[in-house]
Structure formats: C-alpha cells, structure tokens
Amino acid sequence: MAQATEALVALLLIGAVFIRVDACVGKKNVVFIVIDDGGFETAAYNNTAIRTPNIDALGSRSTIFDHAFTTVSSCSPSRSAIMTGLPTHENGMYGLEHSTHHFQSFDQVQSLPLILGQNGYRTGLIGKKHVAPLSVYPFDFERSEQVVGPGDGLANLRNITLMKEYAQSFLANCSTDPRPIFLYFGFGDPHRCGGKVGEFCEKYGAGGEHGIIPDWTPQYYKPEDVLVPYHVPDTPVARQDLANQYTSISRLDQGIGLMVKELEKTGIADDTLILMISDNGIPFPAAKTNLYERGMGEPMFVHNPKIQQKGLHSKALVSSVDMVPTALDWAGVNYPEYHIWNKKNFTKLQGQSLLPILEQDDPAEGFDAVFASHQMHEVTMYYPMRVIRNKSYRLIYNIANRLQYPIAGDLYGSPTYQDLLSRNASGQSLHWYKTLEQYDFRPKWELFNIDSDPMELHNLAGDPAHAQVLSQLQQQLKAWQTKTNDPWLVKYIHE
C-alpha cells in the first residue's frame, strides 16, 4: 500500500512538472542579448580567425543584419536607447550612469520593461544594466551590478555559470507565474578591464589564482592569427590586444550558448523572440565613442521562431531604436501616449518593427537611413555629435569641433593606444590609417561616400561636386533633431 501511495505521489509530481512547463509555453516571450563593446568578431560576419560556435548557431536560426547601427557608441546611452526606443538626447541619458558620471533618463520616460510589465509580462534582467533611474527601468527579477547577488561585480557580469544559475531561478518561476516573459541578458564581455585579470578580463575564471568558471573553456589565440580591422594599428602590441579580446569573446560565446540552452530546457524556445546586439563599437581607436562606421556599426541578430527562412543576411539599414518597436509588435502591445518635457506632442518611438522584413534580404523601402546622437561618454568627455547614415553616405555634425576629441579612460589606458602614443612621440610608423592629429581634431562637418570610401578617409563636405548631397543630408539631420526635441538644436543659432 505504501509503495502504491509513493507511486501515485510520484505520478502527480511528474504531472505537475509538465503542467508547470506547459504554462510557460505558447506565450509571446521576448529575450534581449546585449553584448558589451562587441563587434564583428564572429564567423557570421566573415571573421574566420575566431571560433564562436554558439553565436554562429544563433545566427543560423536568425536574420543577420549586415548594416545594423547603434544610435550612440557609448555604454549607458546606448543601453537607454535599446530599452526605450528613443535617442539619448531625447530620453535624457546623456552619458554614463555609474559613479561620478551619474547620468539618468528623464523620470517620465516609458521603457520596454516598464511597458511590458504593465501589460502582463514578467520581466527579468541578468548581468549588466548600466541605466537609471529604477522607476524608469524596473524589473521584477534583477541580478545586475546595481543589485548584486552572490559574488562580486565581475561575477555578475562575466561569470557565465552564475548568470546561468540566475536564468534558471528566473525561468523556474514559470511554475507559479505563467505570464509571458521579457528577459534581458547583459553580458560583461568583451569590455576591457585591465589589471591582474588581464586587459579584457581574459584571465578571470580561467584557472589558478583567478578562479574557475565551470562552464567556460577558454579559447586562446596567437597574435599572428587574428584579423586586424582597418581602424586598428597593425602592430605586435595591437595584435596581442586583439588576441586577448578573442579569448574574452569565447566566454561571451559560451555564455550565449548557455542562455539559449536554458530557454530550450524550459520548453519556451519555440515561442521566444530573441534580439541580439552590441551596445557600441569595440574598445579600440575609431570605434567605441566614435560615430564612424566601426563605431556605429554593430552585430544584430533577430530570431523569430515562427518563420521558416533562417540565416538570411539582410541589407536593410536598422538601428538599436528598432528593438523596442519590434518587441512591442511581437507582444501585441501598443506604445503608450505620454509626454517627457515637451508638452505639445506625445513622445513617439523613433524606430520601427523589424518583424515584417525578417524574410527580406533587401527591403524595397523604409529602411534606408539611420541616425545617431552622442553627447559624452564619461562626464569629462563632452563632444556632441549628430549623424545621418544612408545607403551611400555618412554625414557627421561635430557640434563642438573646436574641442579636441576626448579619449575614453579604458581606451586611453589600453596597450594599443599607449603604443600608438609612444610610436607617435618617437617618430615611428603608426601602422595606422590616420594620424593622431587627424583623429584628435575634426572639422564641423564630415561627409563620406561609404560605397567608394568605406574607410572614411576622404571628407567630401568641402567638395563643390557634393554640395547638393551635403545640403540634403543636413536638412534631413536637422529635421530629425527637431522631431526628437534635440536640446542641441540651439547650436544652429548660437554657433
């Protein structure tokens, strides 16, 4: 009799498990994967020197955007645009959130986690958050640098085993809460860190005195084997820097694999829209904090489990502000009517849903221009820029061009940049595509033909043959600034 009772209890428990799992299935779930200072170091973007099997696997099930761009190449401002669908000058996150920088979005802003939370979603964030205030960016479940769980800050951002366990905790709540989920993964790699754990934290969790991350098998690379992007000096120091970056990317890659596996184990992978992007360019010269092609350009995958065509490369020009309208479209949730500080008009999303174009390699219309807006990175780095980039041209408006272009602290202290400075001071060849003078001091307007000049070496702003192109792009840029209530519009009058 006792055995029969135990068997009955076991069957009931098994049934309860299946009921709990079924309660999570069939919902319009949304997952964001945000990479920290990531670039195009994957086979999906034709880098054959690095091994990223998990990222590539996700790409094979996604639409891969070859021309995706951030609206600002700086950590907190970019993340605010990813979560609000508004450019940084409109949502108020003008610079970095942490420490003495202390920038925050306007209190009235309606972010994606706030909107979805108010419309029946359970929201979670695991890893790097880097935006504020909490009232604008609330999550039901949060394990970030702002709400530190077990371990130190590094662990919450780069310990992929810990992040996996956090994901398991969040997903396990499906047993009692059958709401659809919005889950935001903020990976800490491959951001620089320096110090005893390596320039890219490549030693963190790799064994010995630096501990072990159980789910990470480090991948190591020789400097001579890396692919050097055109905007990075081709020197032994820079190559070693890139090799260390590749090792950090291996931790990111395996972490992404773990998170996707947890979705599959929970049974919700076939119902989950996954959007992957990086916040800004890689932490090397002419990328991070810059709005040139390799500063604005980002990897972006969108995995829609309900469509058949996978691994498609799209030529559409898309932006980080397209992520919010895409998620809302998937969820069937309308963007709310509200004001920020302009009481005349309701705030409008600046992007558009990507769902209708996921099976089109080159949409006929509607995705032919993107915009960008930068104020500063660190609080001491004031250098406002506005950009329009269409299929043939990029126009950069350097609003405070009489200032020297500021260098981010992590980039300034990097081996690559210090080697660049040392070579310049000693008169050695920089093995770089620019001079430091050209990099540090920029004209008010920079106009580049992306088709004929992909490295953006020839400024056409003063070329009479391009006067009409310049004028048209200037008008379009100013119109966008007006539509987005850009406070820096006053500079057209004052300067």
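**Pockets and a cavity in a predicted model**

1. The lining of the largest pocket is mixed by class: 15 nonpolar, 10 polar and 9 charged residues. Keep in mind that this is a predicted model.

2. The largest pocket has a volume of about 680 Å³. It is lined by 34 residues. Closest to its centre are F40, Y45, D66, E293 and R294. Find these five in the structure to locate the pocket.

3. Four elements each give two or more residues to this lining: β2 (63–69), α8 (236–266), α9 (293–296) and β8 (312–319). Strand β2 gives the most, with 4 residues.

4. Now the second largest pocket. Its space comes to about 310 Å³. Of its 18 lining residues, Q350, Q352, A369, V370 and F371 lie closest to the centre.

5. Which elements give two or more residues to the lining of the second largest pocket? They are β8, β9 (369–374) and α14 (467–483). Note β8: this strand also gives two or more residues to the lining of the largest pocket. By class, the second lining has 9 nonpolar, 6 polar and 3 charged residues.

6. There is also 1 cavity of 30 Å³ or more. About 80 Å³ of space lies inside the cavity. Its lining divides into 8 nonpolar residues, 3 polar and 1 charged.

7. Which residues line the largest cavity? They are I35, G38, G39, E41, T42, Y45, I55, P190, I249, L252, M276 and P299. Look again at Y45: this residue lines the cavity, and it is also among the residues closest to the centre of the largest pocket.

Methods:
Residues are numbered from 1 along each chain as its sequence is written. This is a predicted model: local features need pLDDT of at least 70, side-chain atom pairs count only at pLDDT 80 or more; totals for chains, interfaces and linings use all residues. Side-chain values use heavy atoms; hydrogens and water are left out. On a 1 Å grid over the protein atoms alone, a cavity is a set of points where a 1.4 Å probe fits but cannot get out, and a pocket is an open set with protein on both sides within 12 Å along at least five of seven lines; lining residues have an atom within 4 Å of a point. Grid points are joined across faces, edges and corners, and a volume is the space filled by probe spheres set on the points. Ala, Val, Leu, Ile, Met, Phe, Trp, Tyr, Cys and Pro count as nonpolar, Asp, Glu, Lys and Arg as charged, and the others, Gly among them, as polar.
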